[in-house]
Amino acid sequence: MNYLDELNEAQRAAVEAWEGPSMVIAGAGSGKTRVLTYRIAHLIHNGVDSFNILALTFTNKAAKEMKERIYKIVGNEAKNLWMGTFHSVFARILRAEAEKIGYPSNFTIYDTQDSKSLLKSIIKEMNLDDKVYKPGLVYNRISSSKNNLVSAKAYMANVNIQAEDRQNAKPRLGEIFLEYEKRCFKSSAMDFDDLLFKTNVLLRDFPEVLLKYQERFKFILVDEYQDTNFSQYLIVKKLAARFENICVVGDDAQSIYAFRGANIQNILNFKRDYPDVKTFKLEQNYRSTQNIVNAANSVIENNKEQLEKEVWTDNTEGERIKVSQSLTDNEEGKYIANEVFDIQQNHQARYSDFAILYRTNAQSRALEEALRKKNIPYRIYGGLSFYQRKEIKDILAYYRLSLNHNDEEALKRVINYPTRGIGNTTLEKLITAATTNDMSIWDVIQSSEQMGLGFNRGTLQKLNEFSELILSFSKVAENAEAYEAGSYIASHSEILKDLFTDKTPEGVARYENIQELLNGLKDFSESYPANNLGAKPMLADFMQDVALLTDADNDDKEDHNRVSLMTIHASKGLEFPYIIIAGLEENLFPSQLSLNSRSDLEEERRLFYVALTRAMNRIILSYSLSRYRWGNLIHNEPSRFIEEIDDKYLDIQKAPEPKKFEQTSWDDGWGNKGGFFEKSTTTSAPAFQKKKLKKVSDANFYKEKASADFPDIKAGTIVTHQKFGRGTVVGIEGGNKALIDFETVGKKQLLLQYAKLEIVG
DNA sequence: GCTTCTACCGTTTTT
DNA sequence: CGGTAGAAGC
């Protein structure tokens with residue numbers, strides 16, 4: 001069987017032009033991944049050693065999938081192929097070459113949280129107002145500088161930047177940047193942007209290193225090229241400079257990452273960098289129905305800045321795109337859940353055939369709730385990833401600190417967790433000493449006694465115990481294999497014990513999360529390639545790019561039949577038979593912040609285009625006329641993007657009138673009657689007993705609600721309130737407690753649960 | 001030093 | 001509304 005036969009003419013041409021620079025402009029659904037995988041296979045078939053191929057992707061998932069597909073075609077010959085995200089590939093190279101740029105090879109990778117927390121302490125130490133110098137903003141500023149290869153020094157020296165900062169009343173940004181760089185270096189840490197920035201430094205300052213990798217990567221392929229930033233662009237350009245065997249694949253119409261420095265010009269100007277580039281256009285869409293393709297085309301036509309191409313399809317006409325209006329975000333959720341349920345029933349679809357897409361992560365909550373109530377299994381991608389949960393970060397911080405004692409953020413995280421009597425005052429003294437003496441905090445702790453920092457015996461003792469503990473962990477990490485070391489640290493740090501004693505639902509979930517992490521570590525240990533010299537899988541290997549993993553990389557083994565919920569950004573590269581786009585309202589999608597600039601609005605439109613083109617069979621567009629935002633009801637107009645779709649592709653539905661909940665009398669068995677409710681459940685008191693209640697002086701919020709909608713709860717009688725699971729505990733005068741759970745419908749409170757509880761203990 | 005309570009703030013999008 | 005940082009209180 002000739003694998004080339006599986007390609008259409010355009011795809012085949014793109015695959016066969018395997019030497020020299022080429023650019024593939026791949027319309028949505030046109031088989032871009034196919035071209036990339038077959039091209040790599042074709043390289044190998046033409047005698048290229050897979051060792052000499054580098055393929056860069058944007059997500060680990062894309063890399064993994066592509067690698068599997070290549071294996072299927074060429075088998076073991078692909079084993080030396082290097083395929084990964086920009087960040088993971090260059091992190092690995094940086095580890096190999098670390099000492100050239102003054103870093104140890106076991107440097108830590110700071111994630112966004114770490115970076116922001118470090119910035120926050122720097123801002124505080126400089127006595128600056130963190131309302132002016134908001135860590136998030138400072139982080140973005142530093143990030144975009146680095147992505148444009150402007151170092152802190154260059155930032156300080158640049159007259160324009162300095163003038164700009166002064167004009168924005170943030171003249172000291174440069175100093176913060178400088179200190180941030182210094183601190184990262186002292187902590188032997190790199191942030192996400194450093195991985196690319198330092199790679200550039202490495203390739204710039206060490207010609208022999210550049211040459212080495214140029215020789216190694218004789219063939220380079222870049223996926224999603226439209227989303228590369230300047231820093232990435234330059235790395236690719238340098239590496240490819242010697243052989244110019246570079247193939248970039250992308251679609252300018254799907255460029256959605258300009259906000260983090262992606263430069264659409266990289267793809268638009270590719271021809272300038274490589275004058276003899278061969279350009280291929282993939283225009284036939286295999287994914288979607290005609291209606292979907294045409295509708296998406298009619299939307300993207302509104303953008304001025306784009307390469308010329310015409311996406312078309314041979315597929316059936318398909319159904320029209322349904323547009324649905326709801327009154328509130330909760331109603332919208334309900335509508336979507338019902339629709340998913342109905343389609344699944346009537347079309348023999350699986351839940352995993354559906355994806356619900358939205359503009360912001362915050363929108364997921366109402367949707368989740370609705371799905372849960374209808375017992376529809378779902379999975380959320382993105383949002384708070386597994387690796388960003390507190391308990392996971394805590395454990396990882398122990399691992400990090402054990403492997404790299406200089407890791408400041410990890411140290412700050414665990415020095416007093418679980419509590420061991422080293423408080424803020426002590427920590428501040430340590431940080432000050434570290435800054436003034438230009439040492440890492442760890443080194444200060446090691447010599448805190450000699451340095452005369454004014455700690456009393458007890459504190460010195462505690463610091464000593466802490467550093468002994470970490471040193472013992474380091475020893476284990478150096479000798480034992482990954483799983484053994486990981487579980488040793490987890491138990492001896494006493495985090496496990498701490499969580500095990502916490503029997504609240506949240507505590508149990510945290511404990512389980514840690515178990516899951518340890519299971520992952522076990523898998524890692526067991527599946528470690530039994531390679532040369534019997535090298536053991538070490539904790540350090542596991543930690544190498546754990547910071548670069550995201551939730552999407554966690555393939556869960558359980559139950560794959562679930563609806564996917566994700567932001568449109570996260571849906572890039574995926575496809576589903578049924579796509580539901582929620583929250584199509586002006587100011588939300590397109591985002592309010594994009595309305596002032598044409599190019600921002602065009603990016604939003606491309607985002608909408610991406611969302612539409614994920615669908616194979618059917619699309620539902622949904623918007624809500626009002627939505628809760630920070631507790632306030634705000635009113636919305638339907639998104640302009642809906643109007644940009646030609647009517648003939650649409651099937652516009654007027655919202656069904658929302659069901660008014662019926663007023664029913666009820667009796668909880670304790671003599672309480674009245675109120676609005678849909679279902680009444682008695683909540684098990686024993687679970688509640690484990691929680692002790694707090695006294696709250698003022699509970700106005702409930703007073704208002706209570707007087708209006710819960711006639712049996714008299715205004716002014718509520719004395720305490722507290723979140724409990726998915727309900728709210730309300731204490732009523734006289735020592736009685738109640739658990740209520742309600743949902744807001746319009747301006748009314750709909751009581752879902754009311755249970756009187758008695759507290760023991 | 002640790003716990004409890006209050007006041008404030010937030011929403012783009014992610015490796 | 002929900003989360004959380006930091007102050008006040010223990």
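**Strands, a crossover and a helix pair in a predicted model**

Let me start with strand S2, residues 53-57, and strand S3, residues 82-85, which run parallel and are joined by four bridges. Within that pairing, Thr57 has Thr85 in S3 as its bridge partner. Between S2 and S3 the chain passes through helix H3, residues 60-74, and the resulting β-α-β crossover is right-handed. Please keep in mind throughout that this is a predicted model.

I turn next to the open sheet, in which seven strands are arranged in the order S13-S14-S12-S15-S16-S11-S19, with parallel pairing. At its edges lie strand S13, 378-380, and strand S19, 650-653, each of which pairs on one side only. On average, and ignoring direction, neighbouring strands in this sheet are turned by 20° against each other. Looking at the S19 edge, we find that strand S11, residues 321-326, pairs with S19 in the parallel sense over four bridges, and that Lys322 stands opposite Asp651 in S19. As for S13, helix H17, residues 364-373, lies across it as well as across strand S12, 354-358, and strand S14, 563-567, and H17 runs at about 160° to S13.

Finally, how do helix H6 and helix H10 pack? Helix H6, residues 135-147, and helix H10, residues 192-205, have axes 9 Å apart and an angle of about 25° between them. Angles under 35 degrees count as roughly parallel, and therefore H6 is described as roughly parallel to H10. Their crossing is left-handed. On the H6 side, Ser143, Lys146 and Asn147 meet Asp193, Asp194 and Phe197 of H10, and by class this contact comprises three charged residues, two polar and one nonpolar.

Technical notes. Residues numbered from 1 in each chain as written. Chains lettered and ligands numbered in written order. Predicted model: local features only at pLDDT ≥ 70, side-chain atom pairs only at ≥ 80, totals over all residues. Pairing = 2+ DSSP bridges. Helix = DSSP H or I, 4+ residues; strand = E, 2+ residues; numbered from the N terminus. Right-handed = clockwise from strand over helix to strand, strands pointing away. Axes fitted to C-alpha atoms, helices over the stretch in contact; angles between N-to-C directions. Parallel < 35°, antiparallel > 145°, perpendicular 65-115°, else oblique. Left-handed = near helix turned anticlockwise from the far one by under 90°. Contact = placed C-beta atoms within 7 Å. Nonpolar A, V, L, I, M, F, W, Y, C, P; charged D, E, K, R; others polar.
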